[in-house]
Protein chains: 2
Amino acid sequence: MALSDLRPVERNEEGIAAVLGILKQRFGERFQTGQAIREQHAHTTTYLPTQPPDGVAFPESTAEVQEIVRACAAHRVPVIAFGVGSSLEGHVNAPGGGISVDTSRMNRILAVNAEDLDCTVEPGVTREELNTYLRDTGLFFPIDPGANASLGGMAATRASGTNAVRYGTMREAVLSLTAVMADGEAVTTGKRAKKSAAGYDLTRLIVGSEGTLGIITALTLRLQGIPQAISGGVCPFPTLEAASQAVIATIQMGIPVARIELVNALQMRAMKTYSKLDFPESPCLFVEFHGSDAGVAEQAETFGMIAEENGGGPFLWTSVAEERSKLWKARHDAYWASLTLRPGAKGLSTDVCVPISRLAECVAETEADIAEMGLIAPIVGHAGDGNFHTLCLMDPDDPAEIAKVETFVARLNERAIRMDGTCTGEHGIGQGKAGFMRAEHGHGVDVMRQIKQALDPLGILNPGKTLPA
Amino acid sequence: MALSDLRPVERNEEGIAAVLGILKQRFGERFQTGQAIREQHAHTTTYLPTQPPDGVAFPESTAEVQEIVRACAAHRVPVIAFGVGSSLEGHVNAPGGGISVDTSRMNRILAVNAEDLDCTVEPGVTREELNTYLRDTGLFFPIDPGANASLGGMAATRASGTNAVRYGTMREAVLSLTAVMADGEAVTTGKRAKKSAAGYDLTRLIVGSEGTLGIITALTLRLQGIPQAISGGVCPFPTLEAASQAVIATIQMGIPVARIELVNALQMRAMKTYSKLDFPESPCLFVEFHGSDAGVAEQAETFGMIAEENGGGPFLWTSVAEERSKLWKARHDAYWASLTLRPGAKGLSTDVCVPISRLAECVAETEADIAEMGLIAPIVGHAGDGNFHTLCLMDPDDPAEIAKVETFVARLNERAIRMDGTCTGEHGIGQGKAGFMRAEHGHGVDVMRQIKQALDPLGILNPGKTLPA
């Protein structure tokens with residue numbers, strides 16, 4: 001992907017002017033057009049340029065989102081849904097201007113059905129807010145992408161994170177949702193039954209559609225029981241291959257591991273210094289087990305044996321909450337630790353996901369590529385899913401370096417696709433990866449375009465995203 | 001649903017004649033037009049009338065399915081995909097005639113990737129064939145709808161069954177698929193990575209679309225490791241409410257129960273006689289646990305305590321394979337056992353699914369309705385999912401009785417939808433339930449219709465199904 005590949009979207013100045021007038025009058029202080037707030041709503045955590053919307057609306061209900069979308073539809077003006085802005089691929093940019101729909105005031109938890117292990121929330125609720133609210137129920141929401149993202153945004157990008165290996169991704173976690181479609185009609189995609197064979201799966205169609213098919217205004221989410229016990233630890237391995245083989249054996253034996261994270265040697269070095277922990281500087285697996293007291297001990301012991309059989313160890317594990325927290329804090333701080341490897345640099349995160357049988361090969365080829373290209377790019381991965389990130393540390397003001405990183409990213413994405421994988425396991429396509437959609441999906445891109453055309457014939461929902469030019 | 005609600009589809013005699021000529025010439029013996037074979041390909045296991053296609057093609061590859069669809073598209077002739085014909089809602093009927101595409105010769109297992117716990121198969125492979133093939137790999141395919149259905153048909157109807165509570169449904173089990181779309185183009189919906197955030201979820205869109213959006217010609221399926229140990233047993237309860245509370249507590253405590261089946265007193269009576277087992281004639285839960293030796297014993301003991309706390313018991317369980325098999329054979333024979341309650345009658349199976357908090361209420365109201373209407377209709381349910389079936393035993397030649405059963409089914413479906421549930425947990429919509437789509441999905445039906453129109457503008461793929469008139 002080169003910056004030049006970003007899909008341009010033509011500005012409809014007349015329509016935008018009309019909508020600005022309508023929304024200002026209708027929403028008053030809840031419609032903002034100041035430059036700072038507009039830029040903040042297009043801010044991306046990559047090197048992608050900021051493309052601000054023309055105004056930011058703060059609706060408080062599905063009905064208000066419908067009003068905004070109807071005004072924009074009437075004047076053919078883009079509408080871009082906004083959660084907290086933690087997406088990585090330019091999802092909230094406004095290449096043709098238009099209206100950012102900030103869902104932060106739609107932050108009510110509408111229902112918790114403890115007996116059914118589900119809850120219904122507005123899209124602006126963040127995952128941490130939800131888990132704080134649930135604390136006394138014995139339940140938790142398991143999807144953890146790291147950032148304290150909004151649940152609407154997480155659904156829109158099909159997010160996941162460290163414990164997807166056990167609890168799945170937003171694809172599995174969203175039971176149904178309400179979305180405002182491009183014509184302003186609201187649709188609720190399903191009931192609260194755990195399964196249904198009634199018609200097309202509109203829930204899964206809208207999850208991951210990045211605001212290009214509808215704007216999510218409510219979500220019913222599956223919850224999990226807080227496990228009775230948790231054990232976890234860190235295990236070093238002589239090589240990435242050995243660590244990957246241990247992951248495969250763990251999954252294949254059906255050990256219900258809750259997290260199994262691969263960290264390469266460079267990343268371990270950065271974490272060791274940053275988090276002041278006595279880590280070995282070799283590839284490691286961070287693992288966690290959820291279950292009964294006896295169950296988590298059994299799981300940890302079985303994993304220890306698997307690690308040893310694959311040349312790894314010692315596997316140091318604990319059920320003590322404080323010790324576990326320290327370990328996982330170090331893992332979660334990996335991003336900040338990485339940045340210390342090159343002070344002043346900005347990080348660009350990649351996100352490929354491959355079948356786990358190809359994980360070691362894919363990581364090894366990528367490490368070789370990093371060395372050959374002279375990049376500084378530590379690696380952490382959700383190994384149980386075959387998903388890993390490299391954080392490319394680069395000078396965002398050096399075009400030659402950007403070009404080099406772009407070449408690296410393109411080679412990495414193509415490598416993953418060649419290995420029967422995907423260019424994005426959890427970050428989404430947005431603007432940044434649209435250039436890889438054809439390589440990954442072939443004719444599927446045309447089918448997606450037919451759907452987009454049918455559901456958003458005017459092309460007003462988050463234009464310039466997800467689908468390639 | 002009344003028979004009069006079945007969507008008529010106009011016959012295109014000229015087009016059909018043209019396609020019959022083309023396919024006869026192209027496929028020779030692999031294209032059949034005899035009456036018996038045509039009727040067999042429209043046979044349904046309900047009281048729905050048989051509506052035979054005009055010809056049955058037996059393609060052997062995706063390319064051949066493309067040829068058939070292209071010929072039918074050119075002449076605007078319906079194409080109906082056919083697996084083994086075990087669907088219950090008239091999915092394979094041909095209300096406007098046309099061509100049945102029998103996938104039984106597409107029965108190769110294309111790849112088993114043991115390290116990745118997945119396999120790729122053609123759609124005509126049945127679930128039992130796959131599991132026989134996998135026997136030596138330590139893996140199995142967990143979705144078990146009872147019938148030895150084809151995997152293509154199971155995906156098309158989003159099937160599930162007794163162990164969906166642990167392993168999910170076809171929604172979760174299909175990693176990606178290849179489908180021939182209405183224009184004859186083939187699309188592969190994803191790679192083999194366990195997760196992806198790349199674009200619209202075409203896999204989940206086609207799973208459950210009942211052959212109305214595309215014809216599945218290959219599937220990549222998730223497999224599971226065969227558990228080290230299995231334990232299971234039967235536990236009686238004084239009331240359905242007590243049994244349902246035990247189910248809720250089991251799920252909420254996070255016990256990874258593999259099956260948890262509710263059987264009402266009438267069904268137990270039938271099974272007791274039919275299967276010659278010493279069953280109590282009260283509501284029972286049939287349960288099964290998968291895990292390590294220690295794990296399954298712990299799960300069974302914990303479940304026993306939960307049952308006792310809810311007034312149930314004694315819970316008799318075993319890890320001995322032969323004894324378990326006898327129990328589950330009795331459960332699987334429930335359909336045949338039921339038929340003995342009224343010799344000569346035909347059974348019509350209902351399929352509602354509600355949030356488990358409403359399960360006891362929904363079953364109790366349904367039992368009361370059965371009593372009030374004087375029907376004979378035992379109940380079995382996949383209680384962990386909130387899904388249950390009543391088998392209405394009726395004389396298919398008595399219009400008054402059919403009308404009464406139709407009233408009962410309509411009340412049941414509306415009850416489930418009112419309780420935030422669905423009219424079909426796993427059997428699908430087909431023809432039989434299309435009349436309930438609007439009540440369940442509201443405006444969602446229009447969105448589905450927009451998608452159908454975009455992907456099949458000529459309406460040739462399985463017309464008269466899934467969407468209401």
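## Between the chains: charges and polar pairs

Eight salt bridges turn up across the interface of chain A and chain B, in what is a predicted model. One to look at joins the side chains of K195(A) and D385(B), with N to O at 3.6 Å. That distance falls inside the rule because the cut-off is 4 Å.

Polar contacts add to the picture: between chain A and chain B, 32 residue pairs qualify, both partners at pLDDT 80 or more. As for what chain A brings to the side that touches chain B, the tally is 30 nonpolar, 31 polar and 20 charged residues.

## Between the chains: area and elements

How much area do chain A and chain B bury between them? About 6700 Å², and carbon and sulfur atoms account for 56% of it. In chain A, the residues that lose the most area to chain B are K191(A), K195(A) and Y200(A), which together make up 15% of what that side buries. So K195(A) shows up twice, once in this trio and once in the salt bridge to D385(B), a pairing that meets the 4 Å rule. Counting contacts, 81 residues of chain A touch 81 residues of chain B.

Which element of chain A gives the most to the side that touches chain B? That's α17(A), with eight residues. Several other elements of chain A supply at least two residues each, including α9 (240–252), α11 (293–309) and β9 (186–188). Also on that list are α6 (164–167), α7 (170–173), α8 (202–206) and α16 (437–441).

## Inside chain A: domain 1 and domain 4

Now for the inside of chain A. The domain assignment splits the chain into domain 1 (3–104 + 450–455), domain 2 (108–225), domain 3 (229–336) and domain 4 (341–429). Take domain 1 and domain 4 of chain A: their C-alpha centres sit 30 Å apart, and seven residues of domain 1 are in contact with ten residues of domain 4.

The area buried between domain 1 and domain 4 of chain A comes to about 720 Å², with 58% from carbon and sulfur atoms. On the domain 1 side, Y47(A), L88(A) and E89(A) supply 65% of the area buried against domain 4, more than any other three residues.

How many salt bridges does the rule find across the interface of domain 1 and domain 4 of chain A? Zero. The count of residue pairs in polar contact there is zero too, with both residues required to be at pLDDT 80 or more. By class, the side of domain 1 that touches domain 4 has three nonpolar, three polar and one charged residues.

Note on methods. Residues are numbered from 1 along each chain as its sequence is written. Chains are lettered from A and ligands numbered from 1 in the order in which they are written. This is a predicted model: local features need pLDDT of at least 70, side-chain atom pairs count only at pLDDT 80 or more; totals for chains, interfaces and linings use all residues. Side-chain values use heavy atoms; hydrogens and water are left out. Domain bounds come from an automatic or database domain assignment. Contact means heavy atoms within 4.5 Å. Buried area is the accessible area (1.4 Å probe) that two parts lose on being put together, summed over both. A polar contact is a pair of N or O atoms within 3.5 Å; within protein, one must be able to donate a hydrogen and the other to accept it, and residues adjacent in sequence count only if both atoms are side-chain atoms. Ala, Val, Leu, Ile, Met, Phe, Trp, Tyr, Cys and Pro count as nonpolar, Asp, Glu, Lys and Arg as charged, and the others, Gly among them, as polar. Helices (H or I, at least four residues) and strands (E, at least two) are DSSP runs, numbered from the N terminus.
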